Amino acid sequence: MQSLRRYCAASLILATATFVLVGCKSVTTNDTVDYKSAGAVRGPNLSYPPDLITSQADRRYIVQDGSATMSEYNAAVKKSVQTRKNVMTGIPGMRIARDGERRWLVVEKPAPELYPQVKDFWQENGFLLVTDSPSTGIMETDWAENRAKISQDFIRSIVGSALDSIYDTGERDKYKIRLEVSKPGETEIYITQRGAIEKCTTDSTGACISTIWTARPNDPELEAVFLARLMERLGMTQEQAKAQVAAPLGPKTPKAKLVQEGVNTAHIVIAASFDRAWRDTGLALDRSNFTVEDRNRTNGVYYVRYVNPKDLGDTKGFFTNLFSSKDDSSLKAKKYSVVVKSTGENSASVYVQDGDGKPENTAAGLQLLTLLTEQLSR
């Protein structure tokens with residue numbers, strides 16, 4: 001009904017203004033992704049890299065008592081130019097890595113130093129963070145609307161923000177960000193997107209009587225857009241970042257296979273090394289309805305929570321909670337351990353354990369493995 005009300009209100013207002021605006025041409029925008037105008041509270045304005053202007057640098061332009069020599073002035077200017085060059089050079093050793101259809105960013109810099117910059121990046125792009133965990137390197141944004149999908153016609157340009165709430169795409173996105181230490185001094189940054197779309201429920205005549213939010217497929221292109229933007233934020237030029245992200249993807253990875261040993265006893269077999277299986281399992285968890293609370297790469301364990309929509313008994317109620325920033329532990333979330341084990345140079349297995357570290361040989365465990373297999377096979 002929310003969509004119907006927005007539609008009726010918009011129709012009434014636009015009809016009133018039509019006689020003034022007839023014959024006007026459309027105005028388009030080049031920005032295909034824009035969450036800033038969705039009304040989210042953003043962080044501080046960081047139009048300039050934070051290292052470019054510091055309190056110490058600012059003091060050089062405050063008139064001080066006493067005299068200054070030309071050599072001191074020239075030295076200050078030289079230092080300012082060098083500071084700007086260092087900042088604009090960005091982080092060396094930054095590249096996009098690929099494995100089939102998956103992309104992620106590799107940066108030769110420790111994760112603790114990168115985390116604050118990545119956090120600022122998401123705030124600058126109009127997102128609120130509902131998960132902000134520097135100790136685990138995990139962030140998750142709240143649901144937000146991509147306002148760039150709304151046609152920027154002449155009427156909307158004239159009316160402006162006063163009626164901005166009337167326009168709605170009927171879609172929402174949220175992003176999970178995970179910083180993974182691959183080796184000392186090098187960090188991998190993964191960005192995964194989840195989407196939801198508002199759909200009508202109809203009566204026997206086919207008329208829309210209400211709307212509900214349902215999940216929509218993952219969009220790898222949105223992930224690619226933000227990977228490129230993050231590379232720019234870290235110092236790479238826009239052209240370089242876009243070129244790296246746009247490079248052709250490699251061949252698809254071998255598909256994972258679910259091996260069922262009994263009624264509810266199963267595990268996943270992946271034809272890949274431990275490093276690759278660990279990475280792919282992490283991405284599969286991020287793209288599913290799992291919340292990664294912690295992980296131990298040495299032991300190959302992801303500690304997760306999972307909310308099963310069927311446990312709620314009300315799919316509509318579940319998706320109503322999609323846009324709540326509250327911790328999903330208030331729902332029927334259960335804790336599990338997802339264990340990745342190396343079984344050879346190019347083979348690995350994935351198991352699910354319960355909160356006590358025992359094999360989850362139940363229907364729920366089989367369902368979780370089935371969901372992970374679907375994600376790992378994409």
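Colleague: Let's start with Ser349: which strand is it in?
Modeller: First, this is a predicted model, where local features need pLDDT of at least 70 and side-chain atom pairs count only at pLDDT 80 or more, while totals for chains, interfaces and linings use all residues. Residues are numbered from 1 along each chain as its sequence is written, and side-chain values use heavy atoms, with hydrogens and water left out. Helices (H or I, at least four residues) and strands (E, at least two) are DSSP runs numbered from the N terminus. On that count, Ser349 falls within residues 347-353, which make up strand 13.

Colleague: How many helices and strands does the chain have?
Modeller: Strand 13 takes in residues 347-353. In total, the chain has 11 helices and 13 strands.

Colleague: Is Ser349 buried or exposed?
Modeller: Buried is under 20% relative accessible area, exposed is over 50%, and partly exposed is in between (1.4 Å probe, protein chains only). Ser349 has 6% relative accessibility, so this residue counts as buried.

Colleague: Which residues does Ser349 contact, leaving aside neighbours within four places in sequence?
Modeller: A contact here is heavy atoms within 4.5 Å. With those neighbours set aside, Ser349 is in contact with His267, Ile268, Val269, Val339, Val340, Lys341 and Thr343.

Colleague: Which strand pairs with strand 13 over three bridges?
Modeller: Strands pair if DSSP finds at least two bridges between them. One facing pair is Ile270 and Ala348, the latter in strand 13. The pairing is antiparallel, and the partner is strand 9.

Colleague: What is the bridge partner of Leu258 in strand 9?
Modeller: Strand 8 (residues 257-260) and strand 9 run antiparallel over four bridges, and a hairpin of five residues joins them. Strand 9 (residues 266-270) is mostly covered, with four of its five residues buried. Opposite Leu258 you'll find Ile268.

Colleague: How many residues of strand 11 are buried?
Modeller: Strand 11 pairs in the antiparallel sense with strand 10 (residues 290-296) over six bridges, and with strand 12 (residues 333-344) over seven bridges, also antiparallel. Strand 11 itself (residues 301-307) is mostly covered, the buried count out of seven being six.

Colleague: Which residue takes a positive phi in the hairpin of strand 10 and strand 11?
Modeller: Across these strands, Val292 stands opposite Val304. The hairpin has four residues between the strands, and the positive phi, near 70°, belongs to Gly300.

Colleague: Which residue's backbone nitrogen lies 2.9 Å from a polar atom of the side chain of Thr141?
Modeller: Thr141 sits in strand 4 (residues 138-141) and counts as buried because its relative accessibility is 0%. Its contacts beyond four places in sequence include Trp122, Phe127, Lys174 and Ile177. The backbone nitrogen in question comes from Tyr175.

Colleague: How far apart are the C-alpha atoms of Thr141 and Trp122?
Modeller: Trp122 is among the residues that Thr141 touches. They are 19 residues apart along the chain, and the C-alpha separation is 8.0 Å.

Colleague: Which backbone oxygen lies 2.9 Å from the side chain of Asn125?
Modeller: Asn125 is in the loop between helix 4 (111-124) and strand 3 (129-133), and at 9% relative accessibility Asn125 counts as buried. Not counting neighbours within four places, Asn125 is in contact with Tyr35, Lys36, Phe226 and Arg229. The oxygen 2.9 Å from a polar atom of its side chain is that of Phe121.

Colleague: Which cysteines form a disulfide?
Modeller: A disulfide is called when two cysteine sulfur atoms are within 2.5 Å, and the structure holds one. Its S-S angle is -85°, which makes the link left-handed. With sulfur atoms 2.1 Å apart, the two residues are Cys200 and Cys208.

Colleague: What is the relative accessibility of Cys208?
Modeller: Its partner Cys200 is partly exposed, with a relative accessible area of 44%. Cys208 also counts as partly exposed, at 22%.

Colleague: What is the average pLDDT of the chain?
Modeller: pLDDT is the predictor's confidence in each residue, from 0 to 100. It stays under 50 over residues 80-89, a stretch with nine contacts beyond four places in sequence. Residues 312-320 are below 50 too, with 10 contacts beyond near neighbours. Across the chain, 65% of the residues score at least 70, and the average is 75.

How values were computed:
Polar contact = N/O pair within 3.5 Å; in protein donor to acceptor, adjacent residues only side chain to side chain.
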